[in-house]
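Here are a few notes to read alongside the coordinates. I have kept them as numbered points so you can take them one at a time.

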Amino acid sequence: MRAIEFIGPRKIRLRDDVPAPEPQAGEVLVQCRYVALCGTNMGPYLYDGRWANPAIQRPPGWLGHENIGIVAASRAAEWPEGTWVLAHPDDYNGFAEFIRSKPAGLARLPDNLPDPAAMVVAQPLATVLRALVRTGPVIQQRCAVVGQGPMGLIFTHLLSRMGASQVIGIDRVGWRLRWAQRFGATQVIDASRENMVQRVRELTGGKMVDFCVEAVGHGDALEQAARLPRRQGRLYVFGVPHHETQPFPWFHTVTNETEIITSMGPECMEYFQTAVDMILRGSVDLAAMVTPRMPWHRAAEAFEMYANPEQALDSLKLTLVL
């Protein structure tokens, strides 16, 4: 089968000789039609921070996990062959033509979807749904989202639809701020031009925000995001850190009595079907961010675009088409 292999910093190899996995009892084999790139792929792709460790195993297909496809073989009676699914690869080797999935990592899609590729956004939506379950209310609260890549945009979109009185979208990439407004931001801040802490203070009349999401994963973004919550406000650390240790404004955070929440893990699979159903019902409108869709042979170009958003205008949830 075809698969992508990380072979060095900013280098991938397209393989067509990788053995297809065999589904175990209770599992299915999914033939992938679409697989999306994720911010969590960038550390491994760039060999940045903790991902520079040469001892890390990088098998073909690793670290893809946003897959849409058709059940090609089934050893789970409730998931017959031919079913369209959102699928989570059991071994996280999702940059591949075939993946193994357990029923817990599947969500059923209609057979007649006009644009099945758009459903890849259900996977990151599920991670945000799980994250928001773990925090307090946002209705009539002032919110900020640091980072307006795909994950940050989903947070912005949901917070605006959940009744937040203010949703401030923040990013260093100027073109992303247009998307933030499109997805519900009440105000935006270009962090490449403005001091985000000072600007948030101005936009909130000095009150700062009740709830701040950090959706970048870089140390400088987290350091600034930690200064945005009001006293006893909440900071959601959602961006995946590239380093085991990094500077953090602990004195400010402790004296401010900021509540810190984190979220990461495969438990998001519990929300797969909910995310799919929300998209199908029109409860959220996220399909536009599944752009661009690129053929499999242009995977190297797609990874470079994701790593350099400043040079890839309107490039959000990049999706490879098999």
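1. A word on naming before we start: helices, of at least four residues, and strands, of at least two, are DSSP runs numbered from the N terminus. Please also keep in mind that this is a predicted model. With that naming, Leu63 falls in the loop that runs between α1 (42-46) and β4 (67-74).

2. Staying with that loop, take a look at the peptide bond between Trp62 and Leu63: the bond is cis, with omega at about 25°. Tyr47 has its place in the loop between α1 and β4 too. The phi of Tyr47 is near 55°, a positive value for a residue other than glycine.

3. There is another cis peptide bond to check, joining Thr291 to Pro292, and here omega is about -5°. Pro292 sits in the loop between α8 and β14 (293-295).

4. Asp314 is also worth a glance for its backbone: its phi is near 60°, which is positive although the residue is not glycine. You will find Asp314 in the loop connecting α9 (299-307) and β15 (319-321). Buried means under 20% relative accessible area and exposed means over 50%; Asp314, at 25% relative accessibility, therefore counts as partly exposed.

5. Now to α2. Does its length suit a helix, and what should its 12 residues span? At 1.5 Å a residue, α2 (residues 122-133) should span 16 Å, and its end C-alpha atoms are 16 Å apart, so the two agree.

6. How many residues of α2 are buried? The count is 11 of 12, so the helix is mostly covered. The buried residues include Ala122, Gln123, Pro124, Arg130 and Leu132. Among the elements that cover them are β5 (84-87), α3 (150-161), β11 (209-214), β12 (229-237) and α8 (272-281).

7. The pairing of α2 with α3 deserves its own point. Two packed helices are described by the angle between their axes and the distance between the axes. Here the axes of α2 and α3 come within 10 Å and cross at roughly 55°, which makes α2 oblique to α3. The crossing of α2 past α3 is right-handed.

8. Which residues make up that meeting of helices? From α2 come Pro124, Leu125, Thr127, Val128, Leu129, Ala131 and Leu132, and they meet Met151, Ile154, Phe155, Leu158 and Leu159 of α3.

9. Following the chain on from α3, Ser165 has its place in the loop between α3 and β9 (166-171). Is Ser165 buried or partly exposed? With a relative accessible area of 46%, Ser165 is partly exposed. Leaving out neighbours within four places in sequence, Ser165 is in contact with Gln140, Gln141, Arg142 and Thr186. A polar atom of the Ser165 side chain lies 3.5 Å from the backbone oxygen of Gln140. As for distance across the model, the C-alpha atoms of Ser165 and Ile70 are 41 Å apart, with their positions 95 residues apart along the chain.

10. Last, Asn256, which lies in the loop between α7 (250-255) and β13 (259-262). Its relative accessible area is 11%, so Asn256 is buried. Setting aside residues up to four places away in sequence, Asn256 touches Pro229, Arg230, Arg231 and Gln232. The side chain of Asn256 has a polar atom 3.0 Å from the backbone oxygen of Arg230.

Technical notes. Residues numbered from 1 in each chain as written. Predicted model: local features only at pLDDT ≥ 70, side-chain atom pairs only at ≥ 80, totals over all residues. Heavy atoms only, no water. Buried < 20%, exposed > 50% of the residue type's maximum accessible area, 1.4 Å probe, protein only. Polar contact = N/O pair within 3.5 Å; in protein donor to acceptor, adjacent residues only side chain to side chain. Contact = heavy atoms within 4.5 Å. Expected span 1.5 Å × (residues − 1). Axes fitted to C-alpha atoms, helices over the stretch in contact; angles between N-to-C directions. Parallel < 35°, antiparallel > 145°, perpendicular 65-115°, else oblique. Left-handed = near helix turned anticlockwise from the far one by under 90°.
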